[in-house]
Amino acid sequence: MVNAGDMNGSGNLMDFLDEPFPDVGTYEDFHTIDWLREKSRDTDRHRKITNKSKESIWEFIKSLLDAWSGWVVMLLIGLLAGTLAGVIDLAVDWMTDLKEGVCLSAFWYSHEQCCWTSNETTFDDRDKCPQWQKWSELLVNQSEGASAYILNYFLYIMWALCFAFLAVSLVRVFAPYACGSGIPEIKTILSGFIIRGYLGKWTLLIKTVTLVLVVSSGLSLGKEGPLVHVACCCGNFFSSLFSKYSKNEGKRREVLSAAAAAGVSVAFGAPIGGVLFSLEEVSYYFPLKTLWRSFFAALVAAFTLRSINPFGNSRLVLFYVEYHTPWYMAELFPFILLGVFGGLWGTLFIRCNIAWCRRRKTTRLGKYPVLEVIVITAITAVIAYPNPYTRRSTSELISELFNDCGALESSQLCDYINDPNMTRPVDDIPDRPAGPGVYTAMWQLALALVFKIVITIFTFGMKIPSGLFIPSMAVGAMAGRMVGIGVEQLAYHHHDWIIFRNWCRPGADCVTPGLYAMVGAAACLGGVTRMTVSLVVIMFELTGGLEYIVPLMAAAVTSKWVADAFGKEGIYEAHIHLNGYPFLDVKDEFTHRTLATDVMRPRRGEAPLSVLTQDSMTVEDVETLIKETDYNGFPVVVSKDSERLIGFAQRRELILAIKNARQRQDGVVSNSIVYFTEDPPELPPNSPHPLKLRRILNLSPFTVTDHTPMETVVDIFRKLGLRQCLVTRSGRLLGIITKKDVLRHMAQMANQDPESIMFN
């Protein structure tokens with residue numbers, strides 16, 4: 001017998017794996033990362049840097065740069081996300097107005113910017129100026145009449161179709177991952193799933209361009225959800241520039257959590273709301289360090305957007321408002337009613353939208369994404385144009401609905417009958433009887449509400465960038481404004497009723513309809529997404545008023561309770577399940593009394609578990625096992641007879657290790673023994689060089705006993721982010737449980753199809 005020491009004479013060849021080689025530790029597409037392993041690798045890296053920093057000044061400087069790299073990445077994400085959001089806002093403003101007319105003095109000006117620069121604008125006709133011409137004025141020199149209306153109507157539809165067709169074509173050809181909201185996929189990626197290309201440079205570019213096109217086309221969608229995807233693409237790009245993040249998928253996800261906060265920060269002009277949104281809604285692992293960095297990224301992004309000032313009003317969003325009237329306890333009843341409406345709308349929307357999306361996936365409809373977008377755009381444009389509340393952009397509509405009626409407002413919603421003897425300050429106008437404009441606005445809003453509810457169901461989920469925040473807020477704001485006007489008129493005409501007597505005297509400014517619109521918007525957004533804390537903070541950052549937190553909280557909590565009564569899933573979780581992403585939701589409860597032995601593979605009647613032995617398999621045996629199976633890894637045991645567990649080896653790392661050994665190490669052939677022990681086995685004379693693969697072996701794989709309750713196993717998978725865990729009894733290997741086994745079992749226990757969770 002030849003001892004290993006004799007074979008090691010010519011340098012320590014078989015230990016070449018003690019030096020890392022390329023691609024070890026990376027994951028294949030559509031696989032789950034091992035959080036514990038990533039954490040351990042980062043700790044090792046940090047320990048090495050700390051030890052080296054004591055050796056020289058240069059190493060100390062390098063350690064400082066490494067420590068500061070996280071803040072540098074956050075700064076860059078904030079700057080780029082804020083800049084892109086500002087550019088998108090400016091472009092959307094111009095292209096939305098382009099559907100109706102053009103500025104002759106400078107074609108790149110929007111309607112508002114065009115009339116700002118004009119010296120011939122009067123206060124009453126501030127939207128009209130000679131420099132801005134509708135298409136009918138420009139082409140046939142007519143501004144009024146049937147022919148001018150029909151021409152403007154036709155060109156409005158043509159521009160909408162042109163924008164939508166260009167958007168869907170760009171997505172289809174260049175970046176298929178740029179479609180949808182992006183938040184379900186971001187949640188899945190942050191939970192540890194790998195979707196290569198989803199946060200790539202092409203996706204970033206195409207999503208930014210097509211987002212402008214689809215919002216400008218007038219479709220019932222928003223840019224807020226896709227802005228989170230855009231910010232995460234920025235985060236992924238900048239993290240790839242620093243090895244600390246590019247080589248560690250766990251650390252990369254900390255950056256992406258902070259990027260999501262920056263995305264919401266610029267979408268709503270709500271930095272604190274953005275951080276809470278990332279924490280409450282999208283993040284899976286959110287350490288305290290990430291909280292600070294998210295806050296910094298959100299701050300930089302908001303500051304950058306404020307510097308660009310896309311709306312020209314020094315605000316970060318179009319629908320920023322300030323109210324001057326306090327709310328009263330009696331108003332809590334209509335606020336709670338709006339919460340109930342929001343919960344019911346959320347339930348209706350989720351069920352109908354998921355049914356339509358499932359139909360799209362399972363029928364021939366899904367084969368014609370371009371045609372679907374064109375048809376929905378045509379229907380939207382044809383129905384939207386006649387109604388002034390659906391013709392304008394949804395952000396402008398929300399802005400008008402949130403607005404408090406001051407003395408200078410010219411909106412139909414503010415057409416009240418004024419008392420000629422009124423002598424009050426302009427910001428404290430008493431409640432007045434509604435004029436004909438308000439009644440006209442009420443039925444137009446009712447029609448717009450029905451249209452928005454129906455069309456949004458079919459629009460969300462098409463193969464274009466589509467956010468849900470703005471359409472949901474619009475539905476709630478329309479319902480809220482109508483309820484607000486109703487309560488206001490009731491209080492005016494029946495101020496002697498007992499509910500109004502104490503707080504609403506004649507001549508007082510009691511009810512603010514705009515506040516009801518805001519509460520309704522929060523309720524509907526909460527009903528669809530099931531957000532609570534972050535939603536309330538976002539809404540009060542929009543209004544700048546701490547005074548209205550209680551009405552917002554009441555509406556948000558009510559809408560969540562009502563929606564949860566019909567089903568626990570929000571729209572993003574529902575889309576995650578529809579697409580079959582392997583996502584273990586922390587909010588789900590598992591209460592069934594099953595054991596690990598009921599879920600582990602192999603089951604009775606199945607082939608035995610594929611394992612590696614510690615020192616008795618050849619390179620050829622290992623390669624054959626890899627070729628014949630598609631498992632992500634293999635348990636390593638002492639021998640097939642004893643099945644005492646030694647560790648776990650990842651499939652990808654085995655392939656790379658053997659490939660590298662064949663290239664770099666002489667004497668490694670198909671008959672070479674592969675060993676995972678510290679010392680090589682004793683081999684007969686003239687045996688080929690053995691191959692030591694101990695470095696890639698995980699010596700502390702997570703194990704549970706066969707009698708561990710599945711409730712505990714599910715909790716372990718959630719909290720530790722495991723890919724798999726091994727099942728043993730007295731140290732002897734019995735089987736394996738993977739994340740997909742857990743998801744299948746949970747689906748089975750909930751009487752769902754277990755194969756529905758399989759990603760395809």
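A residue is taken as buried when its relative accessible area is under 20%, and in this predicted model Cys129, at 8% relative accessibility, therefore counts as buried. Cys115 is likewise buried, with a relative accessible area of 7%, and a disulfide joins Cys115 to Cys129, with an S to S distance of 2.2 Å. The torsion about the S-S bond of Cys115 and Cys129 is about -75°, so this disulfide is left-handed. Because Cys115 lies in helix H4 and Cys129 in the loop between H4 and strand S2 (132–134), the pair ties together parts that are 14 residues apart in sequence.

The structure holds two disulfides, and Cys103 and Cys114 also form such a bond, their sulfur atoms lying 2.1 Å apart. Here the torsion about the S-S bond is about 75°, so the disulfide between Cys103 and Cys114 is right-handed. Since Cys103 is placed in strand S1 (residues 101–103) and Cys114 in helix H4 (residues 111–116), this pair ties together parts that are eleven residues apart in sequence. Both Cys103 and Cys114 are buried.

Cysteines without a disulfide were also examined. The sulfur of Cys524 is 14 Å from the closest cysteine sulfur, in Cys352, which is too far for a bond, given that a disulfide requires sulfur atoms within 2.5 Å. With a relative accessibility of 0%, Cys524 counts as buried. Cys232 is buried as well, its relative accessible area being 1%.

Further along the chain, three strands form an open sheet of mixed pairing, in the order S4-S7-S8. Strand S4 (617–618) and strand S8 (691–692) stand at the edges, each with a single partner strand, so that one side of each is left without a neighbour in the sheet. Strand S7 (residues 673–675) is joined to S8 by two bridges, and these two strands run parallel; within this pairing, the bridge partner of Val674 is Leu691 in S8.

An unreviewed UniProt entry lists residues 600–664 and 697–755 under "domain: CBS". In the model, the span of residues 600–664 is 37% helix and 23% strand, and its end C-alpha atoms lie 39 Å apart. For residues 697–755, the corresponding content is 37% helix and 31% strand, with the end C-alpha atoms 31 Å apart.

Notes. Residues numbered from 1 in each chain as written. Predicted model: local features only at pLDDT ≥ 70, side-chain atom pairs only at ≥ 80, totals over all residues. Heavy atoms only, no water. Pairing = 2+ DSSP bridges. Helix = DSSP H or I, 4+ residues; strand = E, 2+ residues; numbered from the N terminus. UniProt positions renumbered as here; feature names shortened; annotations may be inferred. Buried < 20%, exposed > 50% of the residue type's maximum accessible area, 1.4 Å probe, protein only.
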